[in-house]
Amino acid sequence: MGELKWYVVRSVSGQEKKAKNYLETELGRHNLTELVPQVLIPVEKVFEMRNGKKRVRERNLYPGYIIIHADLGHGEVDHIITSTPGVIGFLGDKDKKDATNNKPVPLHISEVNRILGIVDEAEQQADATLDKPYVVGELVKVVDGPFNGFSGNVDEVFEERKKLNVVVKIFGRSQPVELSYTQVEKEA
């Protein structure tokens, strides 16, 4: 068995997930999953407001590209990858004599670490785009959850968990409620 390296595969833009599923199915059918252990579509989580609600949506970092960890030393692996529906071919140097021959060029390890770092960071810090430092005693308005529309004062801040304890008046009584950063916004 040769060495596993990271490669970029071009796919039809907007159909990366479908191409990834076809690719994984084909590799499984030919028992080549040990030669291509990982097929990734680098995505980031984006928060957007729709109908007054915050929603998390995944957005492709590199539309039209799929990243694979593969050993292309085995003869049929690159052929199966390039003949998969939705896959255009490998990103790489074109042979000057034959324009149809695309030689796959592996990514440098620094590029792989940067791409995987972005993906890991996006998963770990999904709330980072809405990360606003809150201060104890600050007035906030609840915008999501069962206490939507209520206002209260920040009682405690849990930075590591991205949560707050907010004291909200319910039926005339002050009640502490634990909320995430995404469920509140600062009042002006």
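What share of the 188 residues of the chain counts as buried? I looked this up before anything else, and 31% count as buried. Buried means under 20% relative accessible area, exposed means over 50%, and partly exposed lies in between (1.4 Å probe, protein chains only).

**Entry: the ground rules**

I noted that this is a predicted model, in which local features need pLDDT of at least 70 and side-chain atom pairs count only at pLDDT 80 or more, while totals for chains, interfaces and linings use all residues. Residues are numbered from 1 along each chain as its sequence is written, and side-chain values use heavy atoms, with hydrogens and water left out.

**Entry: the whole chain**

I looked up the secondary structure and found three helices and 13 strands. Helices (H or I, at least four residues) and strands (E, at least two) are DSSP runs, numbered from the N terminus. The accessible surface comes to about 11,700 Å², by the Shrake-Rupley method with a 1.4 Å probe; for residues, only the protein chains shown count as cover. Carbon and sulfur atoms hold 49% of that surface. I then turned to contacts, where contact means heavy atoms within 4.5 Å. Among contacts between residues at least 6 apart in sequence, 58% join residues at least 24 apart.

**Entry: the sheet of four strands**

I traced an open sheet with the order β2-β5-β1-β6 and antiparallel pairing. Two strands pair if DSSP finds at least two bridges between them. The edge strands are β2 and β6, and each pairs on one side only. From one strand to the next, the twist averages 25 degrees. Axes here are lines fitted to C-alpha atoms, for helices over the stretch in contact, and angles run from 0 to 180 degrees between N-to-C directions.

I checked one pair in this sheet: β2 and β5 (residues 65-70) run antiparallel and are joined by three bridges. Leu40 stands opposite Ile67 in β5.

Next I asked what packs on this sheet. Helix α1 lies across β1 (5-11), β2, β5 and β6, at about 25 degrees to β5. Helix α2 also packs on the sheet and touches β1, β5 and β6; its direction makes about 140 degrees with that of β6.

**Entry: two loop residues, Thr84 and Asn31**

Is Thr84 buried or exposed? Thr84 sits in the loop between α2 (75-82) and β6 (87-90), and I found it buried because its relative accessible area is 3%. Leaving aside neighbours within four places in sequence, Thr84 is in contact with Ala19, Tyr22, Leu23 and Glu26. A polar atom of the Thr84 side chain lies 3.3 Å from the backbone oxygen of Ile81.

Asn31 is in the loop between α1 (16-29) and β2 (38-40). I recorded this residue as exposed because its relative accessible area is 58%. Asn31 has a positive phi of about 55 degrees although it is not a glycine.

**Entry: Glu111**

I found Glu111 in helix α3 (residues 109-124). Glu111 counts as partly exposed because its relative accessible area is 30%. Glu111 and Trp6 are 105 residues apart in sequence, yet their C-alpha atoms are 9.6 Å apart in space.

**Entry: the sheet of five strands**

I traced a second open sheet, with the order β12-β11-β10-β9-β13 and antiparallel pairing. Its edge strands are β12 (173-180) and β13 (184-186), each pairing on one side only. Here the twist averages 45 degrees from one strand to the next.

Three bridges join β9 (residues 139-142) to β10 (residues 151-158), and the two run antiparallel. Leu139 has Asn153 in β10 as its bridge partner, and Lys141 has Ser151. Strands β10 and β11 (residues 163-170) pair in the antiparallel sense over six bridges; Glu156 stands opposite Asn165 in β11. This pair forms a hairpin with four residues between the strands, and Lys162 in the turn has a positive phi of about 60 degrees.

Phe171 follows in the loop between β11 and β12. I recorded Phe171 as exposed because its relative accessible area is 82%. Its phi is near 55 degrees, a positive value in a residue other than glycine.

**Entry: what the record says**

UniProt, in an unreviewed entry, places the feature "domain: KOW" at residues 133-160. UniProt positions are given in the numbering used here, feature names are shortened, and annotations may be inferred rather than shown by experiment. I computed nothing new for this stretch: residues 133-160 are 0% helix and 43% strand, and the end C-alpha atoms are 12 Å apart.

Notes. Polar contact = N/O pair within 3.5 Å; in protein donor to acceptor, adjacent residues only side chain to side chain.
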